[in-house]
Amino acid sequence: MTHDAIVVGSGAAGTWAAWALRGTRTLVLDVGHRPPESHLEGNLYDLRRARELHDETVGPRYESLHNLENPELSPKVKSPLMRHVIDRPEGAHLVRSETFQALVSYAEGGLANAWGAQVYRFMREDLAGFPITEDELAPHYDTLTREIGISGVEDDLRRFHGPATGLLPPLELTALGRRVLEKYGEPFRREGVFIGRPRLAVRNPTYENLEFFKPRIPAVYTPAFTLGSMVKRGEIEYAPGHLVDGFRETDDGVEVRSGSGTFRAKRLILALGALNTARLVLDSEGDRESRLPILENPCSFAPLVMPSRIGMPIERRSFYAQLNLFYSGPLWKEPVVGMIYGVEGLLRSDLLFQFPLAARGCLAAARWVLPAMAVLQVFYPDDPDPAQTLRLDGRGDLVIDFAPRAPGIVERHLLNVLRRSGLRGSTRHIRQGRPGASVHYAGSLPMREKPLKRYETDRNGLLFGKRRVHVADAATFPRLPAKNLTFTIMANALRIGEAVRRELKG
Amino acid sequence: MDDTLQGEAEAIHRALFGREVPDELSHHYVAAHPHALSRITEAERTWMARVVGADLEALEVALRKRYPDHVLCRKFRLMATLSEAWPAYYDDFVNETPRRFRAIAALAWHGMRSLLKSLKGRILLGRFGA
């Protein structure tokens, strides 16, 4: 059977490209790892007090202890019930690098099963270098806002976030977050620092703080929800269990090969993420020579303490993304984004030995100081750089060559300015994220107004030299602003899906 | 091997919590090794066997500053993670009532204690090596 369209991948891009194609004969091909069964319900602290949580927090095979001997995994994917997000299927190619630690997902819903749920619109200045405009993306952002539910408020970050139309009420702030906002004002702005509430794909009434341990908690959006409802309504076909090996254009369509079959369609949309989409394109071309660009937001972390909160009780129900910061001033050529995260949702043992105390002192600090703590994460924009490339090796594995980058300077300024709010942080404790740490990957098949060479895409994601193969994920982003890219991946995939739909009809 | 690891579990648990390790936690400590600490070398095993009767808390804090991935530091992290899954340890990790004075007093005490432990740890490192 020939489908109208095949979408490969079911993450933020694949799901929303498929959404735009509802009503056509669209097939989503995917490995589609699903989360294990879980009976974890309720509040993390009630659960911890009530019963043993070994299987949920450590794991029957001690999965969450991965970081004791291995390169560090984010707390978002290291717990046993979340590991399916990054499990590699048999036969999948590796990503190799000396310097870049890549996370790729083969899960139904993709990496967005473990995203931070932070929602940003790319605005005019963010889209410099893109062949598309803010106005072209706006209706798609609006659709997403309506469909997935975004919480937030209109505040001082409006110039960075855009209008607050259609937003749900914001999540509750912790006492620490409230204190920072109370102290925030003109002196911060004069220093180029703007603080407000994040916009989050999180629904308040049902939220419990299990996002590090329980997959698909209903309050936090994942594309798997949208995919599931489309399948349930019969709007698309979904075929998990397929690791796609390659594709080729034929006279009248496209053939897609997986280990268990060949599928045919009039159009193909690739949406495996910037790394795996590039790998599949290079492999399908049999190209072991070309180097493609790769972008990733550099990031850094710094612990913060509000001394006035030491000895105060734990906040039992707070989402970890508490406050959003932007720096816009002379220290960096374009806005830099920061987020203040609460640490209440993590296990204490994840942070315990960070304190400069003997073991029992660390335990005391966990009890008394952690409720006063937060983490500042800062993201910088990224532009193409000849020292950041990917290619295939002889085995077809993806090799990323990525030169270490100089640390930024904005976090130092932010730490100084945040002192005015009662938050203390030391520049000595700033930790630069290793390349790959932000998990914001893009730019391997960049879109151009007029693509001129192989491995570029046009404004509708059409791959140069092809007539029927589109790319819908962040591989098409020619550069990365500092803002989290996931919401724009969804909006752009919707836009590209609609363009493909028009072609199918025309 | 299991007896050796159970002995370690007892010593590390006592260093961390100041009390006896429950059997079930000791069992998990032993069972976790092939999964989480499978790359421990023979030299590290021998070193652990030599130090297990010494002040492990002092050794750990002295090592953590210089060698954060030292085998003893990893074993402390293992014990902390395993124990946190049990309700019996909830109050060791979490405070649910405002106790500001007690917190500041406890932190001051542990600050001084940690200095002494660190000094003792350095002396022990002179004896046992790293």
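The following exercises, each with a worked solution, concern a predicted model.

**Exercise 1. The order of an open sheet**

Determine the order of the strands in the open sheet of chain A that contains β3, and identify which strands stand at its edges.

Solution.
Step 1. The sheet is built from 4 strands, in the order β3-β16-β15-β9, and its pairing is mixed.
Step 2. β3 (95-96) and β9 (292-293) of chain A each have a single partner strand, so one side of each is left without a neighbour in the sheet. These two strands therefore stand at the edges.
Step 3. One pairing can be examined in detail: β3(A) and β16(A), residues 398-402, run in the parallel sense and are linked over 2 bridges. Within β16(A), A:Val399 is the bridge partner of A:Arg96.
Step 4. A helix accompanies the sheet. Helix α10 of chain A, residues 274-284, lies across β3, β9, β15 and β16 of chain A, at about 45° to β15(A).

**Exercise 2. A hairpin**

Describe how strands β6 and β7 of chain A are joined.

Solution.
Step 1. β6(A) spans residues 244-249 and β7(A) spans residues 254-258; the two run antiparallel and are joined by 5 bridges.
Step 2. Between the two strands lie 4 residues, and together the strands form a hairpin.
Step 3. At A:Glu249, the residue standing opposite in β7(A) is A:Val254.

**Exercise 3. The surroundings of an arginine**

Decide whether A:Arg267 is buried or exposed, and describe its surroundings.

Solution.
Step 1. A:Arg267 is located in strand β8 of chain A, residues 261-270.
Step 2. A residue counts as buried if 20 or more other C-beta atoms lie within 10 Å of its own. A:Arg267 has 23 such atoms within 10 Å, and is therefore buried.
Step 3. Leaving out residues up to four places away in sequence, A:Arg267 touches A:Asp4, A:Ala5, A:Val254, A:Arg468, A:His470, A:Val500, A:Glu503 and A:Leu504.
Step 4. A:Gly253 is 14 residues from A:Arg267 along the chain, and their C-alpha atoms are separated by 6.4 Å.

**Exercise 4. Strand β4 and the nonpolar core**

State which way the residues of β4(A) point, and relate its partner strand to the largest nonpolar core.

Solution.
Step 1. In β4(A), residues 193-196, A:Val193 and A:Ile195 point one way, whereas A:Phe194 and A:Gly196 point the other way; all are buried.
Step 2. β4(A) runs antiparallel to β12(A), residues 321-327, and 4 bridges join them. A:Ile195 stands opposite A:Leu325 in β12(A).
Step 3. The largest nonpolar core has 200 residues, and A:Leu325 is among those that touch the most other members, as is A:Leu270.
Step 4. Beyond its neighbours within four places in sequence, A:Leu270 is in contact with residues including A:Val8, A:Leu280, A:Val281 and A:Val469.

**Exercise 5. Two helices of chain B**

Find the angle at which α4(B) and α7(B) cross, and classify their arrangement.

Solution.
Step 1. The axes of α4(B), residues 56-66, and α7(B), residues 100-128, come within 7 Å and cross at roughly 90°.
Step 2. Angles from 65 to 115 degrees count as roughly perpendicular. The two helices, α4(B) and α7(B), are therefore roughly perpendicular to each other.
Step 3. Among the residues that meet are B:Leu59 and B:Val61 in α4(B), and B:Leu124 and B:Leu125 in α7(B).
Step 4. Sorted by class, the contact of α4(B) with α7(B) has 6 nonpolar, 3 polar and 4 charged residues.

How values were computed:
Residues numbered from 1 in each chain as written. Chains lettered and ligands numbered in written order. Predicted model: local features only at pLDDT ≥ 70, side-chain atom pairs only at ≥ 80, totals over all residues. Pairing = 2+ DSSP bridges. Contact = placed C-beta atoms within 7 Å. Axes fitted to C-alpha atoms, helices over the stretch in contact; angles between N-to-C directions. Parallel < 35°, antiparallel > 145°, perpendicular 65-115°, else oblique. Nonpolar A, V, L, I, M, F, W, Y, C, P; charged D, E, K, R; others polar. Core = buried A, V, L, I, M, F, W, Y, C linked by C-beta atoms within 7 Å. Buried ≥ 20, exposed ≤ 12 C-beta atoms within 10 Å, placed from the backbone.
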